[in-house]
Amino acid sequence: MKLLRVTPSPHIRDNMTTQKIMLCVIAALVPSAVAAVIHFGWLALLMMVFCVVCSVAFEGLCRIIMKREQTIRDGSAALTGLLLAMNLPVTLPLWEAALGCFIAIVVVKQLFGGLGQNFANPAIAARIILMLSLTGDMTNWIQPRTAVSDFSYDAVSSATPLVSGTANIMDLFWGSTGGCLGETCAAALLFGGIFLIGMGIISPVTPFAYIGTMAVCTLIYSGGDVHFMLYHLLAGGLMLGAFFMATDYVTTPITWQGKLIFGVGCGILTFLIRAFGNYPEGVSFSILLMNILTPYIDKFTMTKPFGGIRKAGSKA
Amino acid sequence: MRRLHGVRLPHYKQTSDMPFETLPLPEKVVIPMSMHMGKPCTPTVKPKQTVAVGECIGTSDAPFSADIHASVSGTVQAVTDLRLMNGTVCKAVEIEPDGLQTPFAGLTVPAYGSREEFLTALRRSGGVGMGGAGLPTHIKLNPPKKIDFLLINAAECEPYITADDRTMQEKPLTILKGIRRIMQVLDIPECAIGVEENKPDAMKIISEAAEKDPAITLVPLPPVYPQGAEKVLIYHITGRTVEEGKLPADCGVIVMNVSSIAFVEEYFSTGMPLVNRGLTVDGDCIGKRCSLNVPIGTPIRNVLDYAQCDYEKLDRLISGGPMMGQCLPGTDYPVTKTMNAVLALSEAEKRRTTACIRCGRCIQACPHRLMPTELEKAYQKRDVARLEELKLQLCMLCRCCSYVCPANRPLAETNGLAKAFVRQQKEAAK
Ligand code: SF4
Ligand code: SF4
């Protein structure tokens, strides 16, 4: 008989793993990826694959250079790459996309200690840095293929619907408007988001709080104009942000109370930036700002243990 | 009322319809002198001495202890040292059975007139909590406060185990008599039996038997692990909260395992001390899973042989359930009073441990609403103040957090270490 193994209990485990979670989120982005290819052509696919490969390569290299355990198999780098691609315009030169991946993986994630340690969402941070440094290329929106018959990338450029303010609601829903790869088609994003909620991967609290707050704010601001509200919910990166970025485990609060505060905070900030700020789009900035606040939110939303007694004089 | 969190586990209650079988007598038994919480006993027998079933072979002067009795009749071979699962070494008595199982002539049916006499009799029964921790029964039934609620723990929330389930199906009347006896002696007006809903047969049998007794109710509970944890059970059935550092008795409740009740009643009707143990034998390496009635001290190898264990596949041998049970280092280890199951499992799939991804699953799973991921970080920094703030002491090591963690972090294991660390620090500070 061979030797018996002695391990601490529990001797059985739930079958959810970090890798499976990452793969589920990637799977939830597939509808958006398909929509991106339909609207922006095969170049969109190239962009997504390129970003994924770059991110995984950077992660692998980093871990080798830092002499740490290899982590590319957990799937988080691939996910970051894909999310970043979703946040880029299809016309962006590939070297600039690679720069984005470098910022996301190396600067924002690995330099802070890798998975679970970064304070900001890598894809969001990379998008913002690219946006601030390469504003021209990052805002070179093109009209999707479906909207133009004779199509070439150089010829037709268009403003995002948030700037023009003239798009049709149905177009926004199905995504035949200008914008980043992954953010135009609200339908695909909703589908993916509901899948994640159904699988128990993300909590519904954050997206509901975020989108709900935006809806309320825009309604009040416009004096009850439903069209205006829908326009703001569907245009820009709100759906992508609410379902895929504001639900990132690492950089958002851990309890549901915290998630609620986070979602509401994102909603208010996005609304303020869109309504009163210089930038037409506020999703990335709001999420980044709330990322920074997350440790504080966590502090205020610690759970109240069952059977715990408060110490006299301290309010727990 | 809010329900406490927990996890839904696969049940694997495959031995629920298998009556207890009696294991053929082994060629020797090894009876450890420490199978209970409290002081280990000192052997009172010498090699070559003959003993009979139920004869006391180990005792202690300390009040917090439980006597040990011979489970077979035969000849004492040796008094040896045995390393227990928790690493400590205790004395053990080895007996070679003569095959006759002669009961000890000195056994009498205990008579009592008062609560004190009842407890003194119980003291000699060797009875301990048979659900896990092994608190001597005469200590449990001598609470420092007035008790108004007797809670019978028949949740049996760990996968595989059906020892309590089988006891309920086979001895419902004994159990009810035992409950009434204890209610009468301790003057307790009310009793509830908490059973997880995944035991429909046992529930039916018990509720039929208890029908005519208005003081005893059967409470079905959703099968959410750890339903049978003392504080969880008390909260779900009575709505009372056992606060930090308090005992169930502080809120007027005694919780007793259903098999322990059955034993108490048998002892008071026959005088036979605790010498046998009902256990579930299961796991994917077991060819013939079964419920077994085993003399205490039987080497586990005999149990495994009987259940046709596949020794080639065997990787982990577990005493108890898969959530809280402990791995045994070898098959020579004896069956003890608190062992409710023996699981023989094959090699588990290897899992990678990643960094914590802050998914919050451990927090959602914790019945005590603790924050296991924060506790782990606090322990890594050896931050005693933070550990206290996070209420480490409330952790009951139920392992829900480790079970759900997708990053495979050893959360409950860390809490175990952290508790030991805090204890050390406090002692050092004194
Ligand atoms: S379950 Fe594991 S990965 Fe999730 S928060 Fe807890 S420790 Fe972190
Ligand atoms: S082991 Fe402790 S921290 Fe983990 S779930 Fe159980 S009580 Fe909570």
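Which side chain does Glu413(B) meet in a salt bridge? I looked this up before anything else, and found that the partner is Arg13(A), with 3.7 Å from N to O; I counted a salt bridge where a side-chain nitrogen of Lys or Arg lies within 4 Å of a carboxyl oxygen of Asp or Glu.

I note that this is a predicted model, in which local features need pLDDT of at least 70 and side-chain atom pairs count only at pLDDT 80 or more, whereas totals for chains, interfaces and linings use all residues. Residues are numbered from 1 along each chain as its sequence is written, chains are lettered from A and ligands numbered from 1 in the order in which they are written, and side-chain values use heavy atoms, with hydrogens and water left out.

**Salt bridges and the contact between the chains**

Over all chains I have 26 salt bridges, and the count between chain B and chain A is five. I also looked up Arg5(A), whose side chain meets that of Glu347(B) in a salt bridge at 3.1 Å, N to O. Arg5(A) lies in the segment before helix H1 (18–40) of chain A and Glu347(B) in the loop between strand E17 (341–346) and helix H9 (361–365) of chain B, so this pair joins two chains; helices (H or I, at least four residues) and strands (E, at least two) are DSSP runs, numbered from the N terminus.

The contact, meaning heavy atoms within 4.5 Å, takes 64 residues from chain B and 43 residues from chain A. The two chains bury about 4,600 Å² between them, 56% of it on carbon and sulfur atoms, where buried area is the accessible area (1.4 Å probe) that two parts lose on being put together, summed over both. In chain B, Ile357(B), Arg358(B) and Tyr403(B) lose the most area to chain A, together 16% of what that side buries.

**Arg358(B) and ligand 1**

I then followed Arg358(B), which is found in the loop between E17 and H9 of chain B and has a positive phi of about 60 degrees although it is not a glycine. Arg358(B) is also one of the residues around ligand 1, which include Cys356(B), Cys359(B), Cys362(B) and Cys405(B); a residue is taken as near when one of its heavy atoms lies within 4 Å.

**Ligand 2**

For ligand 2, I found 13 surrounding residues, of which the closest are Cys366(B), Cys395(B), Cys398(B), Arg399(B) and Cys401(B). The elements that give two or more residues to this shell are helix H12 (400–404) and helix H13 (411–429) of chain B.

**Cis peptide bond**

Lastly, I noted that the peptide bond from Ser9(A) to Pro10(A) is cis, with omega near 0 degrees, and that Pro10(A) is in the segment before H1 of chain A.
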